[in-house]
Amino acid sequence: MSEIYKSDKKRAFLTFDDGPSTVTSTILDVLKQEKVKATFFVVGKTAEKNPEIVKRAHEDGHLIGNHTYSHIDFYKSSLSEIEEDINKGAEVIKEITGKKPLFLRAPYGNVNIVQLKQLNTFFIHWSTSSYDWFKEDEEYIYKRIMKEAKDGEIILLHDTKEVTVKAVLRAIPELQEQGYEFVRVDELLSRNGAKLKMGVPYRNCKYDRG
């Protein structure tokens with residue numbers, strides 16, 4: 001097993017939902033500057049309008065996840081509607097990047113036990129939220145990230161908010177000074193050598209705790 005998975009170095013996971021947007025390019029600049037990898041859960045219909053941004057994120061080494069095609073609410077939709085929207089989003093991403101996304105985040109985090117078992121995909125939830133969707137305040141978002149960042153945590157952000165860019169730009173170097181490394185979801189969740197399972201809502205992955 002690669003040392004990147006077994007090392008006990010503190011690792012956290014930045015995830016960005018609902019993009020791509022014009023803000024995404026700025027976030028990619030920040031991540032490149034700080035030599036940080038992240039995961040972007042892309043909305044298919046938005047990706048169709050901004051394929052060059054998704055392609056850049058992929059080429060920069062970030063992981064591209066599926067956030068469905070139309071940001072469908074699983075709680076308000078039939079299984080066939082959900083499957084269609086997931087597949088349509090996946091096809092858009094594959095057309096842009098050349099790779100079909102393996103990981104899915106349900107919009108709003110809304111997914112029930114039956115859907116988890118019947119939908120053939122790897123689900124990524126989150127363990128802590130920046131609440132940048134709720135409060136567009138740079139200082140608030142920055143403090144949330146700094147307070148909630150812990151080893152193995154999956155942090156929810158949105159690459160649709162200018163204030164998120166500013167907060168992330170402040171938080172990343174400070175957390176790096178505290179010994180944190182930011183990696184993609186596939187690297188974080190595989191750190192203990194465990195085989196990932198479909199139908200499990202992954203929320204975090206602490207060192208040697210599965």
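**Close-up views of a predicted model**

**View 1. Where the charges sit on average.** In this predicted model, the protein carries 33 positive and 33 negative charges, and their mean positions lie 4 Å apart. The protein exposes about 10,200 Å², and carbon and sulfur atoms supply 48% of that area.

**View 2. The overall fold.** Take a look around and you'll find 9 helices and 9 strands. The C-alpha atoms fill a box of roughly 45 × 35 × 30 Å along the principal axes. A compact globule of 210 residues would have a radius of gyration near 17 Å, so the protein's 16 Å agrees with that. Buried residues account for 54% of the 210. Of the contacts between residues at least 6 apart in sequence, 74% link residues at least 24 apart.

**View 3. The largest nonpolar core.** Here 37 residues come together, and Leu14, Phe16, Leu31, Phe40 and Ile172 have the most contacts inside this core. Elements giving two or more residues include strand E1 (11-17), helix H2 (22-34), strand E2 (39-42) and helix H8 (162-177). H8 chips in the largest share, with 7 residues.

**View 4. Zooming in on Phe40.** Who are the neighbours of Phe40? Leaving aside residues up to four places away in sequence, Phe40 touches Phe16, Thr24, Ile27, Leu28, Leu31, Ala57, His62, Leu63, Ile64, Gly65 and Asp159. Two of these names, Phe16 and Leu31, also appear among the core residues with the most contacts.

**View 5. A second core.** Separate from the largest one, this core has 15 residues. Phe103, Phe122, Trp126 and Leu196 are among them.

Definitions and conventions
Residues numbered from 1 in each chain as written. Predicted model: local features only at pLDDT ≥ 70, side-chain atom pairs only at ≥ 80, totals over all residues. Heavy atoms only, no water. Core = buried A, V, L, I, M, F, W, Y, C linked by side-chain atoms within 4.5 Å. Buried < 20%, exposed > 50% of the residue type's maximum accessible area, 1.4 Å probe, protein only. Helix = DSSP H or I, 4+ residues; strand = E, 2+ residues; numbered from the N terminus. Contact = heavy atoms within 4.5 Å. Rg over C-alpha atoms; globule rule 2.2 N^0.38 Å. Areas by Shrake-Rupley, 256 points an atom, 1.4 Å probe, with all protein chains shown as cover. Lys, Arg positive; Asp, Glu negative; His and termini not counted. Charge placed at Lys NZ, Arg CZ, Asp CG, Glu CD.
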